[in-house]
Amino acid sequence: MNSIRNQRLSSIFYMEIAEILMKDETKKGFLITLIKIRMTPDLSLIKSYISIYPFLDKEIFESIRSKSGFYRKLLSKKLRYRVKKIPELDFFVVNSRN
């Protein structure tokens, strides 16, 4: 049962984080894609894996990582009636280029 609950929460968090990243104004012509998320079993941390196109800009990535607290606050506003505890967010870059 706990696994099904985690899968549902994971899909909810995935959609909401992707929407938040899509609406972020600091992109400046970059395409930021949420590839996948991993949640810890105790729901205390979400590891979000993103891709930045056309090239990895360290300023944009650091901006996203520094705003993780703000993104968590946005998640809590959107999901306050569905989830009791909003996990911490951590972002990682997936390098899709060979």
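**Exercise 1. Determine how many positive and negative side chains the protein has, and how far apart the centres of the two sets lie.**

Solution. Begin with the counting rule, under which Lys and Arg are positive and Asp and Glu negative, while His and the chain ends are not counted. Each charge is then placed at NZ of Lys, CZ of Arg, CG of Asp or CD of Glu. On this basis the protein has 20 positive and 10 negative side chains, and the centres of the two sets lie 7 Å apart. The model is a predicted one, in which local features need pLDDT of at least 70 and side-chain atom pairs count only at pLDDT 80 or more, whereas totals for chains, interfaces and linings use all residues. Residues are numbered from 1 along each chain as its sequence is written, and side-chain values use heavy atoms, with hydrogens and water left out.

**Exercise 2. Describe the order of helices and strands, and test the radius of gyration against the value for a compact globule.**

Solution. Helices (H or I, at least four residues) and strands (E, at least two) are DSSP runs numbered from the N terminus. There are three helices and three strands, and along the sequence they follow the pattern α-β-β-α-α-β. For the radius of gyration, taken over C-alpha atoms, the globule rule is 2.2 Å times the number of residues to the power 0.38. With 98 residues this rule gives a radius near 13 Å, and the 14 Å of the protein agrees with it. The C-alpha trace spans about 40 × 30 × 15 Å along its principal axes.

**Exercise 3. Find which geometry the ring pair of Tyr 71 and Phe 91 has, and which parts of the chain the pair ties together.**

Solution. Rings of Phe, Tyr and Trp (its six-membered ring) pair if their centres lie within 6.5 Å, and planes under 30 degrees apart count as stacked, over 60 as edge-to-face and the rest as tilted. A search of the whole structure finds four aromatic pairs. In the pair of Tyr 71 and Phe 91 the ring centres are 6.0 Å apart and the planes stand at 80°, so the pair is edge-to-face. Because Tyr 71 lies in helix H3 (residues 68-78) and Phe 91 in strand E3 (residues 88-93), the pair ties together parts that are 20 residues apart in sequence. Both Tyr 71 and Phe 91 are buried (under 20% relative accessible area, where exposed means over 50% and partly exposed in between, with a 1.4 Å probe and protein chains only). Together with Phe 70, these two residues form one aromatic cluster.

**Exercise 4. Establish whether Ser 48 is buried or exposed, and which residues Ser 48 touches.**

Solution. Ser 48 has its place in strand E2, and with a relative accessible area of 0% this residue is buried. A contact means heavy atoms within 4.5 Å. Not counting residues up to four places away in sequence, Ser 48 touches Ile 17, Leu 34, Lys 36, Ile 37, Asp 90, Phe 91 and Phe 92; Phe 91 thus returns here from the aromatic cluster.

**Exercise 5. Characterise the backbone at Leu 43 and at the bond between Tyr 53 and Pro 54.**

Solution. Leu 43, in the loop between strand E1 (31-39) and E2, has a positive phi of about 60° although it is not a glycine. Leu 43 is buried, with a relative accessible area of 13%. Tyr 53 and Pro 54 are joined by a cis peptide bond with omega about 15°, and Pro 54 lies in the loop between E2 and H2.
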